Amino acid sequence: GSDDSDSESEGSDVDELEDGEYHRLVVDVGYGGTKYGLAGRSKPKLLRNTRDDDEGQYQHAITRNKLDYMKTDWALMEDLWEWMFEEDLGVAADDCCVLSTVSPYGPKQYAERLAELMFETHDVPGIYLGVPAIFCLYAQGKTNGVVLDSGTTRYDRRTSRSPVISS
């Protein structure tokens with residue numbers, strides 16, 4: 001199964017909602033893992049975007065080939081999101097507004113399919129998709145700055161810098 005969370009559980013106690021309120025789920029989907037958590041918690045959780053298939057081989061939800069083509073296994077992605085909502089966080093998807101990152105270099109179809117999955121399959125009441133660099137600055141209470149992001153994909157190592165200037 002997909003039950004390998006790398007950070008300590010913050011308990012299964014989820015804040016009770018008043019009428020008209022929603023949980024706020026923050027999600028950063030990456031090639032190797034997804035960081036996620038309910039807003040207001042001290043730290044995110046980490047879910048590997050993989051699962052074992054029947055032969056014991058890892059399946060990856062998001063992959064990239066050497067030509068930089070991004071491919072998403074949407075059936076696996078749907079299973080991972082369902083597990084995240086129901087099993088790990090213990091919240092109903094239709095009680096969550098989702099803030100999720102999307103790559104500024106990724107195909108537009110990815111963002112469209114993600115929104116479709118959230119609204120049509122998981123019945124979330126709202127979703128906001130945005131670039132990680134902007135969210136990073138906002139989390140620090142800033143609206144202007146330069147974000148340096150260094151990471152590794154399956155095929156290469158990348159470092160990017162993103163200037164963010166509010167208008």
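**Cysteines, aromatic rings and one helix: a group meeting talk**

Let me begin with two cysteines: the sulfur of C96 lies 7.9 Å from the closest cysteine sulfur, which belongs to C97, and that is too far for a bond. Seen from the other partner, C97 is in no disulfide either, and the nearest cysteine sulfur, that of C96, is 7.9 Å away. For anyone new to the term, a disulfide is a covalent bond between the sulfur atoms of two cysteines. A search of the whole structure finds 0 disulfides. The two cysteines also sit in unlike surroundings, since C96 counts as buried at 0% relative accessibility, whereas C97 is partly exposed, with a relative accessible area of 26%. Please keep in mind throughout that what we are looking at is a predicted model.

Let me now step back to the chain as a whole. The protein chain has 3 helices and 11 strands, and if you read along the sequence, the pattern is β-β-β-β-β-β-β-α-β-α-β-α-β-β. Of the 167 residues in the protein chain, 32% are buried. The accessible surface comes to about 10,800 Å², and carbon and sulfur atoms account for 45% of that surface. If we take the contacts between residues at least 6 apart in sequence, 56% of these contacts join residues at least 24 apart.

From here I would like to concentrate on helix α2. How many residues does α2 have, and how far does the helix reach from its first C-alpha to its last? Helix α2 covers residues 108-121, which is 14 residues, and it reaches 19 Å between those two C-alpha atoms, close to the 20 Å expected at 1.5 Å a residue.

Which residues of α2 are buried? They are Y110, L114, A115, L117 and M118. These residues cover an arc of only 155 degrees around the axis, and therefore they lie on the same side of α2. On the other side of the helix we find K108, Q109 and E120, which are exposed.

One of those buried residues, Y110, leads us to the aromatic rings. A pair of aromatic rings is described by the distance of the centres and the angle of the planes. The count here comes to 3 aromatic pairs. In one of them, the rings of W74 and Y110 have their centres 5.3 Å apart and their planes at 35 degrees, so this pair is tilted. The pair links distant parts of the chain, because W74 belongs to helix α1, residues 74-89, while Y110 belongs to helix α2, and the two are 36 residues apart. Both partners are buried, W74 at 18% relative accessibility and Y110 with a relative accessible area of 8%.

Another tilted pair is formed by W81 and F85, with 6.0 Å from centre to centre and 40 degrees between the planes. Here both residues lie in helix α1, 4 residues apart, which is about one turn of the helix. W81 counts as buried at 1% relative accessibility, and F85 is likewise buried, with a relative accessible area of 1%.

Let me move on to the end of α2 and what comes after. H122 lies in the loop between α2 and β9, and at 9% relative accessibility this histidine counts as buried. Leaving aside residues up to four places away in sequence, H122 touches E78, W81, E82, F85, A93, D94 and L117. So the list of contacts includes W81 and F85, the two rings of the tilted pair I described a moment ago, and also L117, which is one of the buried residues of α2.

In that loop, which runs up to β9 at residues 126-130, we also find D123. Is D123 buried, partly exposed or exposed? At 48% relative accessibility, D123 counts as partly exposed. Its backbone deserves a look as well, since phi of D123 is near 60 degrees, a positive value in a residue other than glycine. As background, most residues other than glycine have a negative phi.

Finally, let us look at the loop that comes before α2. Y105 is placed between β8, residues 96-101, and α2, and this tyrosine is exposed, with a relative accessible area of 66%. Y105 and V131 are 26 residues apart in sequence, and their C-alpha atoms are 9.6 Å apart in space.

Technical notes: Residues are numbered from 1 along each chain as its sequence is written. This is a predicted model: local features need pLDDT of at least 70, side-chain atom pairs count only at pLDDT 80 or more; totals for chains, interfaces and linings use all residues. Side-chain values use heavy atoms; hydrogens and water are left out. The expected span of a helix is 1.5 Å times one less than its number of residues. Buried means under 20% relative accessible area, exposed over 50%, partly exposed in between (1.4 Å probe, protein chains only). The arc is that of the directions from the helix axis to the C-beta atoms. Rings of Phe, Tyr and Trp (its six-membered ring) pair if their centres lie within 6.5 Å; planes under 30 degrees apart count as stacked, over 60 as edge-to-face and the rest as tilted. Contact means heavy atoms within 4.5 Å. Accessible areas come from the Shrake-Rupley method with a 1.4 Å probe; for residues, only the protein chains shown count as cover. A disulfide is a pair of cysteine sulfur atoms within 2.5 Å.
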